[in-house]
Amino acid sequence: MSTGSFGLRSSGSYGSLQQQFQNGSLSMPIQTTPPISSRKPPKMFKEKDSLFHWICKFAPRKKVGMLLLCIVSTAVFAWVLYVGKGEDARETIIQNMNIHSGPISEETKMSSILSSQVREVEDARETTIQNMNIHSGTISEETKMSSILSYQVREVEDARETIVQNMNIHSGPISEEKKMNSNLSSQVREVEETANATTPLPPLPLPLTPPPAPVYFTGYTLPRGNPCESLTLPPPPADKKRTGPRPCPVCYLPLEDAIGLIPNAPSFSPVLKSLTYIHEENLTKSEFGGSEFGGYPSLTERNDSYDIKESMNVHCGFVRGSKPGRQTGFDIDDSDLLEMETCGGVVVASAVFGAFDLIRQPKNISEYAKRNICFHMFVDNETESFLRNSSELGSDNKVGLWRIIVVHNLPYSDPRRNGKVPKLLLHRLFPKARYSLWVDAKLELAVDPIQILERFLWRKNASFAISRHYKRFDVFEEAEANKAAGKYDNASIDFQIEFYKHEGLTTYSTAKLPITSDVPEGCVIIREHIPISNLFTCLWFNEVDRFTSRDQISFSTVRDKIRSKTNYTINMFLDCERRNFVVQGYHRDLLEHWSPPPPPIITVNTSADTMLSNITPVRKVTARRAKERKSKRHRKVNTGSKDTNTD
C-alpha cells in the first residue's frame, strides 16, 4: 500500500466523497485497486498506516508543515476547550446531585412512613368497625375512637403538606411525588370519611372486656381457740318450780371484733337475682281472701310466685300509689319517708298500733350503733296521741332512741294484722337498708344489734334467722293451740290448715332434718335484704293477707315451697338464745289491769310453849314504810317473767 492513504469504494454509496477527490479538493492519487472485504478492523489499520506515511512524506515541506502545525494546534485547543467544559458541567451536575439527593431521600423516607401510618389508621378503622358490629358500645367509646382517627388524619395531612412544599422547592422526580401525593390524598380522604361515618353511630354498650364476676359474702370461721367455739349449753336447771322457757348463754364477739367483720359484699341469692313488685290501680278481687293493700292476687298468681326464676315480679303489698308509704294505704309523711330512704345500713324496727303496748327502750347499745343504726318505731294516730298525752313524745318525734313514724290510713282494722306490714315488708319501707332486725313491741332489746347480726347471720353465713318455738314444732299443734287460746277465728284457722294439707302439708318428724322445726317464734326476725330473702317475706306476707294473721301457721309452707326450688335455708336458732338478747314484757292492757298479789296468810300457833319460844320484839311499822313495801310488791309483779306468747 505505497500510493494512497484512503481506499475508496467504487460503489455509489460514497459518490460525494469521490467527486470531491476528482474536483481536486485533495491532490491525492486515487486507489484503483478493487475493494477489499468489508471487514472493518483491517481497513482502519490500513488507513492509519497510509496517513502516517503521507504525513512523513509531506511534513518536511515548509507550507505543508505550517498547515499541519496550525491544524494540530487548532485541534488541541478545541480538545482542551471541550474537556474543560465537560469537567465544569460534571462538577455542576455532581453539586446538584448532592443538593437534591438529600430531599429526595427524605421524601422517599417520609413517603414510606406515611404509607405505614395510613395502613395503621386503616387497620384501626377496620378494628373499630368490627368491634362496633360485634359488641355494643357507648357514645364515649365511639367519640374517643373518632378523636383518635381524626388526630391521625391531621398528622397525615400535615405530612402531606410538608411533602408538597418540598416538591415545590426541589426538582426531583416530580411525577413520582405527584403520584405519591395523589395516593396519599385518596387514602386520607378514605380515613376522613371513615372517621366521620363512625361518629354518628347509635349508642351501643361496648364491653371490650367481660364484666367482672359478682362478689358475694361467703362467711368465715372464728380463729382457733376463740371461746365462742367451745361454748356448750348447760343442762336445764333442776328447779321444778320453773318449767317455762328461760334464756341460755350466748357467746357474742366483742363489739370491735363484730364491727370489723361487717361484710363488704352481699350474700349469695340462689336462682333469684332480680325482684320487682306489682303495681296496680284497678283491682279485681281474687277467689277468696286478700285485700286492696295486698292487691288480691289470684290463686294462679300465687302458684306462679313459687316458681322461682332469675327475674320475678310479685305481689308484695303497696300495690297502689307512687311508692310505698305514699297513697298506698299505710301512708307515711314525706319527712319521715325521706328519713327512711336515707337509712342505708342497719334498721331496728318495731310497731305499736292501737296503743296496745308500751314503748321499751333498748339498752346496752354502743355509741357506734347509736350513730350508724336507724331505730324506727311505727305507730298509728291513736298511739301517737297516747304518747303525747303522756309527755313521752317530744318535738323531735323521738322517744329515747326510737324515731316515731306515724302511719295514716291503715289498711286493716285489726291492729295485729297492721303490724305485719312493717314486720315482713321492711325491705320495701327501707329500700337502701342492707340488714334489718325486727323486734315486737312487747320485747326490750338488751344486746347491741351489731353483735346480734354477727352471731346469728354472719357467723352462720345466713341471710335469714328466726328462733323456733320453745315448745311446739308441728303446725297442726300450733293451730290447735291458737284455737284453744282464742287467738283467731277457729273456722278460719281450720280452713287454712285444710288448704295446706291439700297442698301436701304433713306433721313434723325427724324425716325433715336438718330442718329442726316447722313453727317459729316470730317476735324477732333477723335478716339481710337480698332478693331471695325479700321474696320469702313477700310471699309470707301474701299468706297472712289471704288467710289468718297467725304467721306461725303459714311460715313452714312458704319456706318449704321456696326451698324445693332453690335449696334456700333459714337459720332457726334456739328460743332460749333469743331470750338472751331480748327481755319478755307484757302488753299495756295487761299491765294496767294487773291486780297486786294478795297479802300472805299468816297462821298463828296457839300453844303456850310455842308462843313463848317465838316471841320477838315488836317493831312499829310506820305508814310511810308500809306504803313503800306495798309499792315494791307491785313493781315486782309488774316485772315478772310470765310468758303469755301473745303478739
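**Chatting through helices, pockets and odd backbone spots**

Modeller: Let's start with a pair of helices in this predicted model: α15 passes α17 in a left-handed crossing.

Colleague: Nice. Which residues make the contact between α15 and α17?

Modeller: On the α15 side they are Ile493, Gln496, Ile497, Tyr500 and Glu503, and α17 brings Ile553, Ser554, Thr557 and Lys561.

Colleague: And how do the residues of that contact divide into nonpolar, polar and charged?

Modeller: Four are nonpolar, three polar and two charged.

Colleague: At what angle do α15 and α17 pack, and how far apart are their axes?

Modeller: Helix α15 covers residues 490–503 and helix α17 covers 551–566; they pack at an angle of about 20°, with 11 Å between their axes. Angles under 35 degrees count as roughly parallel, so α15 and α17 are roughly parallel to each other.

Colleague: Thanks! Changing topic: what volume does the largest pocket have?

Modeller: The volume of the largest pocket is about 410 Å³.

Colleague: Which residues are the closest to its centre?

Modeller: Those are Pro236, Arg246, Pro247, Cys248 and Cys576, out of 20 residues that line the largest pocket. By class, that lining has 13 nonpolar, three polar and four charged residues.

Colleague: What about closed spaces: how many cavities of 30 Å³ or more does the structure hold?

Modeller: There are four of that size. The second largest cavity has a volume of about 60 Å³.

Colleague: Which strand gives the largest share of the lining of that second largest cavity?

Modeller: Strand β9, residues 443–445, does, with three residues. The lining also includes Ser350, Arg360, Met377, Trp402 and Asp440, among others. Sorted by class, the lining of the second largest cavity has seven nonpolar, two polar and three charged residues.

Colleague: Okay, backbone next. Where is there a cis peptide bond?

Modeller: A cis peptide bond joins Leu513 and Pro514, with omega at about 15°. Pro514 sits in the loop between α15 and β11, the strand at 520–528.

Colleague: So α15 comes up again, as one end of that loop! Which residue has a positive phi although it is not a glycine?

Modeller: That's Val271, with a phi of about 65°. Val271 lies in the loop between α6 (255–260) and β1 (274–277).

Colleague: Why flag those two spots?

Modeller: Because most residues other than glycine have a negative phi, and most peptide bonds are trans.

Definitions and conventions:
Residues numbered from 1 in each chain as written. Predicted model: local features only at pLDDT ≥ 70, side-chain atom pairs only at ≥ 80, totals over all residues. Heavy atoms only, no water. Axes fitted to C-alpha atoms, helices over the stretch in contact; angles between N-to-C directions. Helix = DSSP H or I, 4+ residues; strand = E, 2+ residues; numbered from the N terminus. Parallel < 35°, antiparallel > 145°, perpendicular 65-115°, else oblique. Left-handed = near helix turned anticlockwise from the far one by under 90°. Contact = heavy atoms within 4.5 Å. Nonpolar A, V, L, I, M, F, W, Y, C, P; charged D, E, K, R; others polar. 1 Å grid on protein atoms, 1.4 Å probe; cavity = no way out; pocket = protein on both sides within 12 Å on 5 of 7 lines; lining within 4 Å. Points joined across faces, edges and corners; volume = space filled by probe spheres on them.
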